[in-house]
Amino acid sequence: MTINATVTVDPITVEVIGSSFASITEEMGEALVRASYSTNIKERRDCSTALFDIEGNTLCQAEHIPMHLGSFIGIIPHILKRHPVAEMKPGDVFIGNDAYEGGGTHLPDIVLAEPIFHDGVMVSWAVNTAHHADFADRGHAHIYQEGLRIPPIRLYDGGVLMKDVQEVILLNCQVPRERLSDLRAQMAANRLGVERVRALCDKYGRATVLSAGRALQDYAERKMRAGIASIPDGIYRFTDYFDNPEIDEPLEFSVEITVAGEEMKLAFESPPQARAGFNMVYTALLSTVYYAVKTVADPTIPPNAGLARPLTVTAREGTVLNCKHPAAVNGRIAPCQRVVDLIHGALAQAVPERVIAACSGVVATATFAGEMPGSGQLWVYLETIGGGSGARATKDGLDGVHVHMTNTSNLPVEALEVEYPLTLLRYELIDNSGGRGRQRGGMGLRRVYRAEAHCRLNLDNSRLKSRPWGIAGGESGQGAAFVFSEGVGPFVNGDGALEPGQIVEIITPGAGGYGPFAERDPEALARDIAEGRMAAV
Amino acid sequence: MAWRIGIDSGGTFTDVCLFDDTTGDVSVWKVPSTPDDPSRAIAKGTQEGTQRVGAEPSEVAYFGHGTTVGTNALIQHRGVKTGLITTEGFRDLIEIGRQKRPDLYDLQVDKAPPLVTRDLRFGVSERLRHDGSVEIALDEDGVRSAARALKAAGVKAVAIGFLYGFVNPAHEQAAKRIVLEEFPEAFVCASHEVAPEFREYERISTAAVNSYLGPVMHNYIRRLADRLKELGLTTTPHLTQSNGGVIGFDMAARLPVRTVLSGPSTGVVAAQAIGAMTGIANLITFDMGGTSSDVALLRNGEAKLASEATVHGYPIKAPMLDIHTVGAGGGSLAAIDSGGLLKVGPRSAGADPGPVCYGRGSTEPAVTDANVVLQTLNPTHLLGGRMPIRQDLSKEAIGRLAGTIGLDVMATAQGIISVVTANMAKAIRVISVQRGHDPRDYALVAFGGAGPLHAARLAKELEMKRIVVPRNPGIGCALGLLLTDLRANFATTRLATLGEGLVGDMAEIFSGLEEQAEHWFAEEKVAPADRKLRRTADLRYHGQNYELSIDVPEGQITSATIAALGQGFAEAHKRLYGFVAEGEAVQLVTYRAEAIGFVPKAQFRPQPDAGPDASGAITGRREVWFPEAGGFVDTPIYDREKLKCGNRFSGPAIVEQMDATTVVLPGMVATVEPYLNLILEMP
């Protein structure tokens, strides 16, 4: 039979199959987390799972990290460009991470994609990405400094491990034992996805499952169209500024959004790409737009490719927001966060009650790397720290959470200190950091580390020079900062070192407020003051 | 003579189930709940129930109880004002949690508010290292002044949680001692007592929930124990835990966090027994009470047990069944929302005043009123005649609602049923479709006072083909209590590499756990022949943070035990993740012993087949509204007590019994199976 045979599927079956896709991707994610060794996966859950149709359209992405969609939408087309479908067989597993040839958005996100066969016919793809906390301390002038570039190649050929390939990869990693085990966990996740999709095809028939997949994409498209139609037609513009430890002067980003009926066009402007780690490839921009528009149009749209159909996204090639080879891209999530703020800022003019004030606008990142005292083994520890979430039309913003493009967990202190020569001294909300307003912006976070052994440290942050804006008269949130104990050497481009006993304090931004502070409910204000969230007026 | 009593105290009714050990008969009694102090209704129900069967309180050999006191306090934020003493610099941890936002795309969703407000969270100077050694000694004066400040602020409970308190409890123990010196009347709970496991946020959250609920449960249990004693009950009362097993009152009062799903978990146990009885292994339970409904899924007769779950937004490290609850029941109120749509719930008429038809002053129509108007429920009386019903008042109330939306009374009443059915269907999708199970492969077990009344429409909505209505659906949970074993879990966390050298330590740790279990068996007066101990070890590859639980073979710990564990782990890992990491060290994390005290359970006997003719059970007829048949239909009323094994009849029909009413829709066929469960099948 041909896989394109379309059968009509009743709405209940479509719903059941759609929910099965969702539960399969969730289950894949659990397997990945549980089988992995690195703190970034097993505790921080910096990984995502998805199912794709054979043309490379998302059937379902688990609700983990919106940013990872960028890696997913790139990988299948790049695989198909290099490898004819006719040569694919059960047990093939493709690995890739490159931002320009591998469909990725930065090198640490390594994608594993496995075609799913049912009775000898290829029906879909099981895909997952895990952020391998490795490739540390190498520089971000261009992508060749940022780690090993892997085009989409077979890691497994018909179920047989390509040991030579694996050895090349592992030799380029600082912590090969973790990489190997995390790759095995990624294999476990895809294996589950393959089994579950096959069972689904056994139960409902291949044609029904594939038709339901298409029906679900059409459904997502209809929901997105209805959501956009509910936004008044018009042209909405917004400009914001992006700063980073790697640059002295903030960069200007802007967007022009055209809403016309059921469709939306988003045109971005930004400076030429930089010799720094904060450039974004086009797929990173796309996944950011999909996320941001969905939050405004209708947060219940199923996470599949159909939702992209009514959207047109443009940005000049060679600029920060749509970079080309060989721009470095490791820190791309920070400008992605600013892009969400741009979209919300522009749409605030159309549907102010559906957007929120500027969030922390960054994913504050600390990457520690060093040699383990005693064994001399290399270690790398990556942590991303949340901040304030923007105030809403009728509610305060959330305090101390990951916003927009990521939603990773923190690393428990009791896991951190067992694994690395570091001690966490404080982890708390920052008083007075949320922007004042009728609704208060969310509070930023303070995380304070003490090094117990010499280590290198890379710090990424933003809103060091600008502040997250408020809406409708709401005030700005506090910006970000780093505070070092005495004697810590200078940090250049965010890179530096800590000696035993030295301390670094990372401060993440609060978020903007909503509405005039004078209209704040006196009871809410009194509670904020009693709880030390805000200083007495 | 010996009697066994199971009591489930719901939001609206308190169900009493009495089992005669000698004859094997089950009797049922039901009294209105007393939500301000549920123990009043329990005592009343016990007294009336025992009197009715002619039992003396001293003849009660077992008393089991499932309660929603804890979960209600958590949902409604009616726990006590609670303080927290924690490591300096980490007081916001219970609010930050794992720094994740609650919904990825919906920016309007809020996090559950912290159970301890920020002004009542005190950091004190102290610090342990991960090996349990002390880096900074506990600032005892700091603890003392925090305790005084909390006392002055009027808290009733204090949670204590320090980093690494599970490795070395010395600082938590010292802090608890000091708090109790300053504030002896406080309920004090240290994190190592409730969840001696790593991951500080989840452990401290468990301690905070335990403290928040502590005084509420403690007072409740004390009042109940006193009332039962006054009645002359001599047996030790028991409470169900969230895992479906029961524990003694003393332990329940110390560890209320283990009982947050106490009420609904017994229903799952009952459904399990009904599944075994009827030979239907794949079931979805639908327990619809007055104020809320619980649904759970049993696959091959087993419900999923989690060692940790987030309940109403709060992580709790305690074993619990996978049960989903929605705030909709027979007492849920119908109203028109600001957008002009008909909404049902989550507000409820509760037990007092109850629905309009109780005639106790309520004027807002509830789901029950809709059923009274449609005459699916008896329009003149409920509870076998004990409770008179005012249909005229229900009609008036629904008429007012109908006026505002421009429909007639009957269409509005039927609309209320449609909305509540859609709400229930959504709840069932959460535990079935969303977990990858097709509800059409499952049978619906309907219990709770309102379950059988709504099951047919619900099953139709979900295209489920079969419904099981237990013999006594109104007391499903109470019945479950008579089928539950005593169960307690003991655990020790100590990291070690699995190998020959571990034999000595393992033997020592398990013998320590066995000693605790023996002590518990003795406390619970479990006869040696009824004791069962299951030992497991949680293993992982060195480097992983999630373990697999592997059975420890019975008998003495030897090198063969170690080998068996290694092999069991490799097999489980291969099965689950598809690989074995050859040559990598396996780490033992937690030693566990589960102690089970078998209790004699209600034994049900199959009845002889009396043939298909059910006409002997018809006690009358009334007009019942079935829109699919064009309106009021003259419908036979069957008496559940008179239905015999093998009886068969078609819908439309109504089956009445003391504590429940079953609706059989036109076209459905009802059959009575040998254990007198009613099976409804779709055409």
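Visitor: What radius of gyration does chain B have, and what would a compact globule with 683 residues have?

Guide: The radius of gyration is taken over C-alpha atoms, and the globule rule is 2.2 Å times the number of residues to the power 0.38. For 683 residues that rule puts a compact globule near 26 Å, and chain B has 27 Å, which agrees. Along the principal axes, the C-alpha atoms of chain B fill a box of roughly 80 × 55 × 55 Å. Before we go on, note that this is a predicted model, where local features need pLDDT of at least 70 and side-chain atom pairs count only at pLDDT 80 or more, while totals for chains, interfaces and linings use all residues. Residues are numbered from 1 along each chain as its sequence is written, chains are lettered from A and ligands numbered from 1 in the order in which they are written, and side-chain values use heavy atoms, with hydrogens and water left out.

Visitor: How many helices and strands are there in chain B?

Guide: Helices (H or I, at least four residues) and strands (E, at least two) are DSSP runs, numbered from the N terminus. Chain B has 16 helices and 37 strands. Buried residues, meaning those under 20% relative accessible area (exposed is over 50%, partly exposed in between, with a 1.4 Å probe and protein chains only), make up 58% of its 683 residues.

Visitor: What area is buried between chain A and chain B?

Guide: The size of an interface is often given as the accessible area lost when the parts come together. Buried area here is that loss with a 1.4 Å probe, summed over both parts. Between chain A and chain B it is about 5,900 Å², and carbon and sulfur atoms give 47% of it. On the chain A side, Arg34(A), Glu414(A) and Tyr427(A) lose the most area to chain B, together 12% of what that side buries. Counting by contact (heavy atoms within 4.5 Å), 75 residues from chain A and 62 residues from chain B take part.

Visitor: How many salt bridges does the rule find across the interface of chain A and chain B?

Guide: Side chains of opposite charge can pair when their charged atoms come close. The rule asks for a side-chain nitrogen of Lys or Arg within 4 Å of a carboxyl oxygen of Asp or Glu. It finds 13 salt bridges across this interface, and 89 over all chains of the structure. Try looking at Glu417(A) and Arg127(B), whose side chains meet in a salt bridge at 2.4 Å, N to O.

Visitor: Which element gives the largest share of the side of chain A that touches chain B?

Guide: That's α1(A), with eleven residues. The residues on that side divide into 28 nonpolar, 21 polar and 26 charged. In this scheme Ala, Val, Leu, Ile, Met, Phe, Trp, Tyr, Cys and Pro count as nonpolar, Asp, Glu, Lys and Arg as charged, and the others, Gly among them, as polar.

Visitor: Which residues form salt bridges with Glu428(A)?

Guide: Arg426(A) meets Glu428(A) at 2.9 Å, N to O, and Arg446(A) forms a salt bridge with Glu428(A), with the closest N and O atoms also 2.9 Å apart. Arg446(A) lies in strand β15 of chain A and Glu428(A) in strand β14, so this pair ties together parts 18 residues apart in sequence.

Visitor: Is Glu428(A) buried or exposed?

Guide: Glu428(A) is buried, at 10% relative accessible area, while Arg426(A) counts as partly exposed at 28%.

Key
Buried area is the accessible area (1.4 Å probe) that two parts lose on being put together, summed over both.
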